[in-house]
Amino acid sequence: MRLTTQVLSNEEQQLVHAQSLRILSEVGVRFHGEKAVAILQANGARIDKESGIAHLPAEMVAAALTSAPKQFVLGARNPKFNYPLPSPVTRYAMDGTGAFMVDFVTGERRYGEGRDIVDSLRVFQEADLGVMAWPPVCASETPAGSRPLHEFFAMARGTSKHGQHELHRVEQAEFLLEGLEAIAGSADALRELNPYSLIYCPVAPLTHDGEMLDAYLELGQAGIPVMVMPMPVNGTTGPASLFSNIALANAETLSALVIFQLAHPGRPLIYSSATGSVDFRTGAYLAGTAEMGLQSAALVQMGRYYGLPATSAGMTSDAKEPGAEAVLEKFMTTLPGVQVGSDIIVGYGEVESDQALHLEQILVDNEIAHVCERIVNGVTVNVEKDLFEDILKVGPGGHFLANKSTRAAARSSEFYLRQFSNHASHETWLKDGKPSMYSKAREKVQEILAAPMVDPLPGEVVEKLDGILRKADAALQED
């Protein structure tokens, strides 16, 4: 039997939905930009022209939920990594655009660069439970006006798994589309295979950034999927109760579904979230908390309530460095999402409230993910697992080491053997230099980075991307 949980009962899910509809109709959502308000008004939304606040009726939400696809495939440059949504298992994504990189060689904490994106995704390529890449740090050395493009294309260089990132301005859209079509091979292949998607975060509370939204509506012509990830924080940008923050995040997601489906009916969308809370003693943002894990799981349930692909943030930590605190917080923010069946949990690689990337943490997080999967897979009870005859044969005082069933168990998935943990005796551990899961993960990172790149982009595609970036750098200069 699988180990499952239910954070929200069926009745509580209906309450969240009702509260979200009330927020959308009575409080409304502010839409900035040039495109959204006109689309909403043309479809019957009540708009306050001075504030740009749109009041969305329940019927409009229901229509958007009807037109949004309930299943599709997140493709990948290497088709073996294609990932159907929804999924019967939980898989994982890199965390994204943190400010800092902890240099793998020197240990220096510095601003992230494009080379760090490539290196981290080479490591992520080898994380077997990882299915979706994000650029985990900003490419701080690149021009601000075209920086998201540099990050997007660095991600594509580093991994052949599905890639997801964001844009900030509508002028960036044409360059991104040209680059993604070059990687996919054609506009038709990009639309059909979905090898790349966009992450879209409404601005909590209840606001849509005009530049980003206009860019995403522009890219709707190409059918690029969007993962909607609201990020309200209890006590600051969200209300100071879990229930109301969940309802607010749900309302923000529904408002995004409305505008994206009105503009391009049938566009693939993914329901997601990345809530946080405030440290009421200091005012600091917190991501590695039990409350974050609970809210993520509850919002996965809401995505399932609507029949949509549902993902979530998780694997998060506020620890300032890798270690026991990071492992504890990552475990407790991940397990609830796995138990409710999140399709993808976003969070590999970073600590310090999603702001600092450590390459070895990517592999440690992959091991934590394996442990969570093993726990959720539970206990199998069937004829094959009934070993009464072994018990009868061994009897009192014997042992089961020589049994065929024991040898079979050693090669089965019933007992997960962790890759980086050390189970040697104390004496052997001392003799080997006191290895830890992190030291073993570092050895694996060194091995990966020393080896040839897996699934590299063809040289002619790299040349095209470099040319597109040169054009974008010149055209998108900021004052």
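## Exercises on salt bridges and cysteines

Lys 444 has a relative accessibility of 25% and counts as partly exposed (buried is under 20% relative accessible area, exposed over 50%, partly exposed in between, with a 1.4 Å probe and protein chains only). The model is predicted, with local features needing pLDDT of at least 70 and side-chain atom pairs pLDDT 80 or more, while totals for chains, interfaces and linings use all residues. Residues are numbered from 1 along each chain as its sequence is written, and side-chain values use heavy atoms, without hydrogens and water.

**Exercise 1.** Find the salt-bridge partner of Lys 444 and place both residues.

Step 1. Apply the cut-off: a side-chain nitrogen of Lys or Arg within 4 Å of a carboxyl oxygen of Asp or Glu. Glu 447 qualifies, with its closest N and O atoms to Lys 444 lying 3.1 Å apart.

Step 2. Both residues belong to helix H16 (residues 437-450), 3 residues apart, about one turn. Helices are DSSP runs (H or I, at least four residues), and strands are runs of E (at least two), numbered from the N terminus.

**Exercise 2.** Describe the bridge between Lys 385 and Glu 414.

Step 1. The N to O distance is 2.8 Å.

Step 2. This pair links distant parts of the chain, 29 residues apart: Lys 385 sits in the loop between H12 and H13, Glu 414 in the loop between H14 and H15.

Step 3. Lys 385 is partly exposed at 36%, and Glu 414 is partly exposed at 26%.

**Exercise 3.** Explain why Cys 138 has no disulfide bond to Cys 201.

Step 1. A disulfide requires two cysteine sulfur atoms within 2.5 Å.

Step 2. Cys 201 holds the closest cysteine sulfur to that of Cys 138, but at 13 Å it is too far for a bond.

Step 3. The search of the whole structure finds 0 disulfides.
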